[in-house]
Amino acid sequence: MRNERLAVIWRVMWRAAVCLAAVPAVSFAVMTALALIREGAGLPDAAGIALRQGLLPLIRGGFGAGAESLRAVIAEAGVLMLMALSVALCLRAGLLNVGAPGQYAVGVCAAWMCAAVWELPWFVSVAASAAAGALAGALFGWMRRRSGSAAADVLLDALILCAVYAVIQRVSAQTAGGGAIPEARQIPALGKGTDGYLARPVTWGVLAALIGPLVLWTVEKFHIWGYGMRLMGASGPAAEYAGVNRKRMTVLCMTLSGLLAGLGGGSGALSGMAQGISAAEAGLDGLGAALLAGGHPLGVLLSSAAAAHLRGGCRRMGAPYDGGLAAWLICGGLMPLCGWTLRVWRMKAERRLRGKKEEAP
Amino acid sequence: MSEGVYALEMLRGNRGFSAEQKGMCAALQLKNGRVHALLGDCGAGKSAVADALCGLHPEKGARIMLQGREKRLRSPAAARASGIALVRLRTQIAPSMTVMQHILLGAGRGVPGPMRRKKARRRIEALMEQYDLTVDLKARIGAVSAGMREEASVLRVLYRDSDIVVFDEPAADLTPQEADRMFRCMRKMAAAGKAVLFTTRKPEEAMSAADDCTVLRDGMLMKAVPVPETDAEALYRLMTGQDRQPLPEKKEIAAGSVVLEVRDASVRRGKRRGQPVKSVSLEARAGEILCVAGQRGSGLTTLADALAGVIPLSGGRIRLNGENITALDALERAEEGVGYLPWRDHGLAAGLSMTENMMMKRTGDPAVQDSGWIRGRNARALTWQWLDHYRLSDADGPASSPRCMSRGQRQRAVLGREMDRGTQVLLATLPLTGLNETERRDMISLLMAVRESRRAVILFTTDAEEAMALGDRIVVLRGGEIVGEFHPEAASAREVGLYMTGDRRQGMEDYFDEE
């Protein structure tokens, strides 16, 4: 049995390695094809363009322009970490929080209303974003508890996103300054760059994002509540037999997840990054980072940093490539896909180890 | 077995199955007009052979010869086209379909129109008469008994006119009467010139129902013998590699006071829309095993879950040593002394370590936690005690996973964990299902030890013979209601089977006899 387990682990690792090797190879092939079509160059030239303008800047990522770009990556990673952590928390409890973009958007909206419209201090705005996110999360949790499926979450998510955008549009039109958050109402920055996307400040929010995974990991590993959550994620029936109230735990996890997503949104909005990362982008990137990390809070640190690094790389891509589209495709599409595939492989392998399913008597 | 052209030959594959999918090294030879038994213990590889014969796992490289010609069965459709059909009781069904739709599913193209349906109905009725099968064609397949579901699956195979019919553990969930009926049907199929194969883990079934028998052990073909030339003991020896030992002796113990008293317990709906339970009353006494026997779908797990506190009662009350525990949840009932060995190995979480599995029902125990924070060192020490005391040798230590353990060891681990906390009544749901002979005997010994320690055991089972062998008292559950109560000395497994299938009900014997 142990050898079988090792064999299964080896198979999953091998597949993951093939994936890792295949991603740059496929990316390079796609980039070459794009260069062929757009530039009309011959194959060797197109391959050269793909390498110089596409693959190398992508791999170099956030390290391209020294400390400035590194700071931008850190600032972006901070928001992604909170988002990924929000999804990872639910993954550990066996739940897929597909409503994370909606919870993020609610956080952005709450922080923006507090800071730009009511001109409240930044810490009140942060608290309001966390509370709004938690409320949204609780609503998603309640729906999940009632329906038991993620399909309703997708619909609710779309509704919330539409509502938030409508509110922001309408209110910002009536607000002096077009809805921009005054600098005095933003989270104090630790440092700031100069131009373009490099102007993203590293704020205290990033520090919170770095501490968050450590706190969550400690609670998951050493606290009875975290144990109950992991038990539910590992085996729903076993958790029930052990006295874990699955419905209550579902609502609680989704509420906490919403709190983290709302905090991410608030932290992004109050760092002057609300225009930088949209809710949908943050949601998908967070999902991808959480899945790649296998739901582990500490893994989230690395995967979020990798996502932010790749996003930085995408922005460095030259003609004929569209950096924004590439970032959306790679971080929002490819990463969740890879993470999900790895998760499915792991689940399949575990099911194979457990044996066949039987019908309950 | 005589030489000649076989209806089906399954030769050793060029790539063997991995350890969890054994059986591909078996060479199996079936003849038209004969019933062949494939005998093997749990985990020997019987189902893997049945899967390969019906076109599942073609990548494993089984070599199959049909009427002397090699045939590559790349899919279940290819197997069906070659005239091979599989009858498996536990196959997933579409519960909302009628029995008629279930029979016609996959036979012919598309949904049959009214004319074809009428023709099909006439043919099905003729087959029912020929093979002495009785099914209600209009009933929902999800609502009929296990026996009728199996008969519907047999009719599906007959309707397709398959030449080779493979039954995977046909009698596993049937009462003795239903099993006899099924074996008679197999005989008739063989008499009609078909080659019939059935898998079983009981040598007696092979002896009574088959013409030839092939014995599998750990995926290896041990021997193929004509049944008249052997006996059940020899088959058992071939199957397990050892002589049959008698079951652990049930010592005479006078039943003590009532430990668990259930009065008019009702549950509206089980988990995942399971069978509701209606006004069930029973008493479990110290030092006795109370068997609750019933077929699959009769509400066994719903009742067990309700007694363990996993699902709430909608009516009635439960008392433990006179104290009302109806309002308590699963963890609180566990702390009061209700142990639960759930169905299959749901008592363990495969993704967590042994330490975390040990803690499952001790989250409130100060030995394991202090103000909500887990006391890791204490928990590991308790896990070592648990592993040592119950001889859980498959587990490497507190950090290892239950995935490394055999089915028997996992059952033993859950039972040990439940008994370690001063449990007064143990609820065990199908504790012997899926265990091999050694593991079964081991588990029975443990259950007997619990009984001898003057604690009460409520054993939920689908096997009437198992209930007769282990129980001090037997109650039969049918459709979520108790329909009969017996003492094993005053009844037979067949009689219990009649109540399990709903052919009899206590207090209404006259009505059923007249009918």
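This passage describes the confidence, domain arrangement and one sheet of chain B in a predicted model.

The model as a whole scores ipTM 0.79 and pTM 0.80. For chain B, the mean pLDDT is 85, and 90% of the residues reach 70 or more. An exception to this level is found at residues 13–21 of chain B, where the pLDDT is below 50. Beyond near neighbours in sequence, this stretch nevertheless has 22 contacts in the model.

Chain B is divided into two domains, with domain 1 spanning 8–240 and domain 2 formed by 258–351 + 401–514. Their contact draws 12 residues from domain 1 of chain B and 15 residues from domain 2 of chain B. On the domain 1 side, helix H5 (146–159) and helix H6 (176–191) of chain B each supply at least two residues. The most is given by H6(B), with three residues. By class, this side of domain 1 of chain B comprises three nonpolar, six polar and three charged residues.

Chain B also contains an open sheet of four strands, in the order S2-S1-S4-S5, with antiparallel pairing. The edges are occupied by strand S2 (28–30) and strand S5 (69–71) of chain B; each has a single partner strand, so one side of each is left without a neighbour in the sheet. On average, and with direction ignored, neighbouring strands of this sheet are turned by 25° against each other. The pairing between strand S4 (residues 63–66) of chain B and S5(B) is antiparallel and extends over three bridges. Within S5(B), B:Arg69 is the bridge partner of B:Leu66.

Note on methods: Residues are numbered from 1 along each chain as its sequence is written. Chains are lettered from A and ligands numbered from 1 in the order in which they are written. This is a predicted model: local features need pLDDT of at least 70, side-chain atom pairs count only at pLDDT 80 or more; totals for chains, interfaces and linings use all residues. Domain bounds come from an automatic or database domain assignment. Two residues are in contact if their C-beta atoms, placed from the backbone, lie within 7 Å. Ala, Val, Leu, Ile, Met, Phe, Trp, Tyr, Cys and Pro count as nonpolar, Asp, Glu, Lys and Arg as charged, and the others, Gly among them, as polar. pLDDT is the predictor's confidence in each residue, from 0 to 100. Two strands pair if DSSP finds at least two bridges between them. Axes are lines fitted to C-alpha atoms, for helices over the stretch in contact, and angles run from 0 to 180 degrees between N-to-C directions.
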